[in-house]
Every structure is written in structure tokens, then in C-alpha cells.
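Okay, thanks for making time, everyone. Let me put the structure up, and then I'll talk through it.

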Amino acid sequence: MTHHQSDPAPTAGAADAYLAGLRERLTSDGSVVTATTWREHPVMIGSRSDRKARWLATKAELFVLATALPQVD
């Protein structure tokens, strides 16, 4: 098994800033943004649905889930 050096975990301030910026981008794109918790971690959920005639009445659903965790394994 090969071990790779991992990047240091982002600081809480950097993670909060990223999530705030993502919330702004999703909101400006027309997504509905909600917040909840998952295993004591804050989670942001963005969702949007689009239906266009050129897609032959097909409905597209977009979901974005984001959180900041100290480590992913």
C-alpha cells in the first residue's frame, strides 16, 4: 500500500469562507439553499430544477451538497 502525503486540513475560517461563497454562487444561480447538520457537521444543500422546451419537456434536477470536514477517509 502506498501512502501519500496529504494536504493540511483547511482552517475553519477558510472553510467557512468557501461555504459562504458557494452559498452566494448557488443563490445567484437560482438554487434554493438550505442548511442542516450531519454527524455534528454543518451541511449546505443547494437544489434547482429546470424544464425547457428544447429538452423535449425533460426536467433536470441539480443537487449540491457541501460541508467542511477535518479529514475524509
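I'll go through the core, then the salt bridges, then one proline. Before anything else, keep in mind that this is a predicted model.

So, the core. The largest nonpolar core has six residues: Leu19, Leu22, Leu26, Val33, Met44 and Ala66. Which helix gives the most to it? That's α1, residues 12-28, which puts in three residues.

If you want one residue to click on here, take Met44. Leaving aside anything up to four places away in sequence, Met44 touches Leu19, Leu22, Leu26, Val33 and Ala66, which are its fellow core members. Its contacts also include Arg23, Thr34, Val64 and Leu65.

Okay, charges. How many salt bridges does a search of the whole structure find? Three.

Start with Arg48 and Asp29, where the closest N and O atoms are 2.6 Å apart. Arg48 sits in strand β2, residues 41-51, while Asp29 is in the loop between α1 and β1 (32-38), so this pair ties together parts that are 19 residues apart in sequence. Arg48 comes out as partly exposed, at 22% relative accessibility. Asp29 is partly exposed too, with a relative accessible area of 46%. For Arg48, remember that buried means under 20%, so at 22% Arg48 falls on the partly exposed side of that cut-off.

Arg48 has another partner: its side chain meets that of Asp50 in a salt bridge, 2.8 Å from N to O. Asp50 has 22% relative accessibility and counts as partly exposed. Put those together and you get a network of salt bridges linking Asp29, Arg48 and Asp50.

Then there's the pair Glu61 and Lys59, whose side chains form a salt bridge at 3.5 Å, N to O. Glu61 is partly exposed, with a relative accessible area of 45%, and Lys59 is partly exposed with 44%.

Last stop, the proline. Where is Pro42? In strand β2. Is Pro42 buried or exposed? Exposed, with a relative accessible area of 54%.

As for its neighbours, skipping residues up to four places away in sequence, Pro42 touches Thr36, Thr37, Ala66, Thr67 and Ala68. Ala66 should sound familiar, since we met it in the core. And one distance for you: from Pro42 to Leu69 is 9.3 Å, C-alpha to C-alpha, with their positions 27 residues apart in sequence.

That's what I had, so over to you.

Methods: Residues are numbered from 1 along each chain as its sequence is written. This is a predicted model: local features need pLDDT of at least 70, side-chain atom pairs count only at pLDDT 80 or more; totals for chains, interfaces and linings use all residues. Side-chain values use heavy atoms; hydrogens and water are left out. A nonpolar core is a set of buried Ala, Val, Leu, Ile, Met, Phe, Trp, Tyr and Cys residues joined through side-chain atoms within 4.5 Å. Buried means under 20% relative accessible area, exposed over 50%, partly exposed in between (1.4 Å probe, protein chains only). Helices (H or I, at least four residues) and strands (E, at least two) are DSSP runs, numbered from the N terminus. Contact means heavy atoms within 4.5 Å. A salt bridge is a side-chain nitrogen of Lys or Arg within 4 Å of a carboxyl oxygen of Asp or Glu.
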